Amino acid sequence: MTAVRFQVAALLAAVALCTAMSSPALAQKKYDSGASDTEIKIGNIMPYSGPASAYGVIGKTEQAYFDKINAEGGINGRKIRFISYDDAYLPPKTVEQARKLVESDGVLLIFGSLGTSTNGAIRKYMNEKRVPQLFVASGASKWNDPKQYPWTMGWQPSYASEARIYAKFIMKEKPDAKIGVLYQNDDFGKDYLKGLKDGLGTKASMIVLEEGYDTSEPAVDEHVVKLKAAGADVLVSITTPKFAAQAIKKAAEINWHPMHIVSNVSASVGGVIEPAGLEVSQGLLSATYTKDGSDPQWNADDGMKKFYNFLAKFDPKANKLDAGVVFGYAAAQTMVKVLQMCGDELTRENIMKQAASLKDFEPDTLLPGIKVNTAPDNYAPIEQLQMMRFKGKGWQLFGDVISSELGH
């Protein structure tokens, strides 16, 4: 009996020893380049100079948000090191900066880089290197292609989805419209234009003129004059902030008052409307998925209270009226959520796995009812928008939140 007890005790001791030895292995931390016990290196590329420099504020807000996270102890004890470079909105420069971030700086991933043509220039490289190109700051539909490009994921609603909503709105409100389209002559503009035509379907002939402009042009005034001359009574402005403001101003100067729809990327009160002029911006239409920092209706909102507190403490010089600030905050918050979900397995593969398994995540600055959802076969995190009209000093939401996913 004693011998049996001794054997059992010895066996239990051996099991305990094996368990003790295996526990550290089970809890072993896994890192790829750019991650360690103390740090997570994140790369970013922004147009801090050049024709799209108005968007540079997004990168600055993201830096401030990561400063906030670091001040609170980091992510699972690790501090974020955010390395952000300027590409002046020039694709060859984007390629150069991406290589520098991956090959010299050794970042774990590239997050939130801005622009359609610029991100398009590095997508193949990022996927060949198997480095996450995560939450691209561009609404091009092509970022949702997990089969061909499993390392690239967008964040905001796609331009095509937004344009389809505008098409439906025009057909309902102005069925005999003559539509003039001012569009940026690149992937960004063409994606919107295709979405608009898809949305109009058999009514695509309502478009009387399409005027493309290049970002190298100093102004779009001549294009606006041509659109008026074509007899358009609806202007769909598929433009980045600088050119959106110019189009609003020029239309007023030539006494042209069409139904004027501006793309969401240029709906910023601080970045577009104020430079164009509040008086000439009355009645503008757009669609959004974020709360407006200038709208007092959000003053009592818990999420916006957190946002305003963040600005006061970590980004006091930021303009809360600038939609880019609201955008940068929500995008950075989504990135932090993914990193938290990764735990101690900070590998590039796990980052993409977690990014593709977000469920009903609600960043503080998104509209109520709009949630971030992803899946291994769906790399489009936000697929909902709501129409809005500019009145007084801010945007007023109207209608329901529309889900492009359901084709409503």
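How many bridges join β13 to β14, and in which sense do the two strands run? The tour of this predicted model opens with that pair.

**First stop: β13 and its partners**

Select strand β13, residues 384-391, together with β14, residues 394-397. Four bridges join β13 to β14, and the strands run antiparallel. To locate this pairing, display Arg 389, which stands opposite Gln 396 in β14. Then move to the turn: the hairpin of β13 and β14 has two residues between the strands, and Gly 392 in this hairpin takes a positive phi near 70 degrees.

Next, add strand β11, residues 285-288, which pairs with β13 in the antiparallel sense over four bridges. Here Ser 286 has Met 388 in β13 as its bridge partner. Strand β15, residues 402-403, also pairs with β13 in the antiparallel sense, over two bridges; Gln 384 stands opposite Ser 403 in β15.

With these partners displayed, colour β13 by burial. Six of its eight residues are buried, so β13 is largely enclosed by the rest of the structure.

**Second stop: the second largest pocket**

Select Phe 169, Lys 172, Met 387, Gly 399 and Ile 402, which are the closest to the centre of the second largest pocket among the 11 residues that line it. The space in this pocket is about 240 Å³. Helix α5, residues 159-173, provides the largest share of the lining, five residues. By type, the lining of the second largest pocket comprises five nonpolar, two polar and four charged residues.

**Third stop: the largest pocket**

Now centre the view on Asn 264, Val 265, Ser 268, Ala 323 and Gly 324; of the 38 residues that line the largest pocket, these are the closest to its centre. About 530 Å³ of space lies in this pocket. Select α9 (269-276), α11 (323-342) and β14 in turn, since each supplies at least two residues of the lining. Helix α11 gives the most, with four residues. The lining of the largest pocket consists of 22 nonpolar, 12 polar and four charged residues.

**Last stop: the parallel sheet**

Finally, display the open sheet of five strands, whose order is β3-β2-β4-β5-β6, with parallel pairing. β3 (79-86) and β6 (152-154) stand at the edges with a single partner strand each, so one side of each is left without a neighbour in the sheet. From one strand to the next, the twist averages 20 degrees. At the β6 edge, select β5, residues 133-136, which two bridges join to β6 in parallel. Val 136 stands opposite Gly 154 in β6.

Note on methods: Residues are numbered from 1 along each chain as its sequence is written. This is a predicted model: local features need pLDDT of at least 70, side-chain atom pairs count only at pLDDT 80 or more; totals for chains, interfaces and linings use all residues. Side-chain values use heavy atoms; hydrogens and water are left out. Two strands pair if DSSP finds at least two bridges between them. Axes are lines fitted to C-alpha atoms, for helices over the stretch in contact, and angles run from 0 to 180 degrees between N-to-C directions. On a 1 Å grid over the protein atoms alone, a cavity is a set of points where a 1.4 Å probe fits but cannot get out, and a pocket is an open set with protein on both sides within 12 Å along at least five of seven lines; lining residues have an atom within 4 Å of a point. Grid points are joined across faces, edges and corners, and a volume is the space filled by probe spheres set on the points. Ala, Val, Leu, Ile, Met, Phe, Trp, Tyr, Cys and Pro count as nonpolar, Asp, Glu, Lys and Arg as charged, and the others, Gly among them, as polar. Buried means under 20% relative accessible area, exposed over 50%, partly exposed in between (1.4 Å probe, protein chains only).
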